Amino acid sequence: QVQLVESGGGLVQPGGSLRVSCGASRIIFSTYAMAWYRQAPGKQRELVAVITSGGSTNYKDSVKGRFIISRDNAKNTVYLQMNSLKPEDTAVYYCNANRILLATGLRVDYWGQGTQVTVSS
């Protein structure tokens with residue numbers, strides 16, 4: 001069935017950069033909005049960045065100017081380039097694909113398993 005697989009997480013020093021990737025299969029990728037969420041220990045999962053099927057982007061305020069979300073429809077892949085990383089960016093980062101079913105107005109979401117990003121000196 002639908003699969004979303006993240007990669008690229010790891011340990012990075014404060015101020016450093018990291019790019020995480022998410023490859024999707026078994027969906028018509030270009031019709032979905034793609035998003036990155038993250039969840040820190042003891043915290044609620046939060047939206048970090050989203051890119052629509054048309055290429056529009058939006059970001060959580062705390063990552064604006066530091067993170068860039070992009071997509072390559074030919075590769076069924078979404079990326080999150082993370083720059084100027086801070087310890088508070090430490091979290092498990094999850095890939096999300098979502099769209100609205102036009103007939104019902106219901107939103108369908110698919111999720112990856114997550115990749116750990118740790119920012120520490």
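Here are some numbered notes on this structure, which is a predicted model.

1. Let's start with the covalent link. A search of the whole structure turns up 1 disulfide, and the partners are Cys-22 and Cys-95, with their sulfur atoms 2.0 Å apart. Cys-22 sits in strand S3 (residues 18–25) and Cys-95 in strand S9 (residues 91–100), so the bond ties together parts that are 73 residues apart in sequence. If you want the geometry, the torsion about the S-S bond is -80°, which makes the link left-handed. Cys-22 and Cys-95 are both buried.

2. Next door in sequence is Gly-23, also in strand S3. Gly-23 has a relative accessible area of 28%, so it counts as partly exposed. Setting aside neighbours within four places in sequence, Gly-23 is in contact with Gln-3, Leu-4, Val-5, Asn-76 and Thr-77. Ala-91 is another matter: Gly-23 and Ala-91 are 68 residues apart in sequence, and their C-alpha atoms are 20 Å apart in space.

3. Now the nonpolar interior. In soluble globular proteins, nonpolar side chains tend to be buried together. Here the largest nonpolar core has 29 residues, and the ones with the most contacts inside it are Met-34, Trp-36, Phe-67, Val-78, Leu-80, Met-82 and Tyr-93. Two or more residues each come from S3, strand S4 (33–39), strand S5 (46–51), S7, strand S8 (77–82), S9 and strand S11 (115–119). There is also a second, separate core of 5 residues, with Ala-35, Val-50, Val-92 and Tyr-94 among them.

4. Met-82 is worth clicking on. Not counting residues up to four places away in sequence, Met-82 touches Gly-16, Ser-17, Leu-18, Val-20, Arg-66, Phe-67, Tyr-93 and Val-117. Of these, Phe-67 and Tyr-93 are, along with Met-82, on the list of residues with the most contacts inside the largest core.

5. What does a buried arginine with no salt bridge have around it? The residue is Arg-71, in strand S7 (residues 67–72). Arg-71 is buried but has no salt bridge, and the nearest side chain of opposite charge, that of Asp-72, is 8.5 Å away. With a salt bridge needing a nitrogen and a carboxyl oxygen within 4 Å, that pair does not qualify. Polar partners are there, though: a polar atom of the Arg-71 side chain lies 2.8 Å from the backbone oxygen of Tyr-32, and the side chain also makes a polar contact with that of Asn-73 at 2.9 Å. Beyond four places in sequence, the contacts of Arg-71 include Phe-29, Ser-30, Met-34, Ile-51, Thr-77 and Val-78.

6. On to the salt bridges, which number 6. One of them joins Asp-89 and Arg-38, with the closest N and O atoms 3.0 Å apart. Asp-89 is in the loop between S8 and S9 and Arg-38 is in strand S4, so this pair ties together parts that are 51 residues apart in sequence. Asp-89 has a relative accessible area of 1% and is therefore buried; Arg-38, with 6%, is buried as well.

7. Another salt bridge is between the side chains of Lys-60 and Glu-46, at 3.2 Å from N to O. Lys-60 is in the loop between strand S6 (57–59) and S7, and Glu-46 is in strand S5, so the pair ties together parts 14 residues apart in sequence. Lys-60 counts as partly exposed at 28% relative accessibility, and Glu-46 is partly exposed at 25%. These two also belong to a network of salt bridges linking Arg-38, Glu-46, Lys-60, Arg-66 and Asp-89.

8. Asp-109 and Arg-107 give one more salt bridge, 2.9 Å from N to O. Asp-109 is partly exposed, with a relative accessible area of 27%, and Arg-107 is partly exposed at 43%.

9. Finally, two backbone details to check in your Ramachandran plot. Asn-76 is not a glycine, yet has a positive phi of about 50°. Asn-76 is found in the loop between S7 and S8, and with a relative accessible area of 23% this residue is partly exposed. Ser-84 likewise has a positive phi, near 50°, without being a glycine. Ser-84 lies in the loop between S8 and S9 and is partly exposed at 41% relative accessibility.

Technical notes. Residues numbered from 1 in each chain as written. Predicted model: local features only at pLDDT ≥ 70, side-chain atom pairs only at ≥ 80, totals over all residues. Heavy atoms only, no water. Disulfide = S-S within 2.5 Å. Helix = DSSP H or I, 4+ residues; strand = E, 2+ residues; numbered from the N terminus. Buried < 20%, exposed > 50% of the residue type's maximum accessible area, 1.4 Å probe, protein only. Contact = heavy atoms within 4.5 Å. Lys, Arg positive; Asp, Glu negative; His and termini not counted. Polar contact = N/O pair within 3.5 Å; in protein donor to acceptor, adjacent residues only side chain to side chain. Core = buried A, V, L, I, M, F, W, Y, C linked by side-chain atoms within 4.5 Å.
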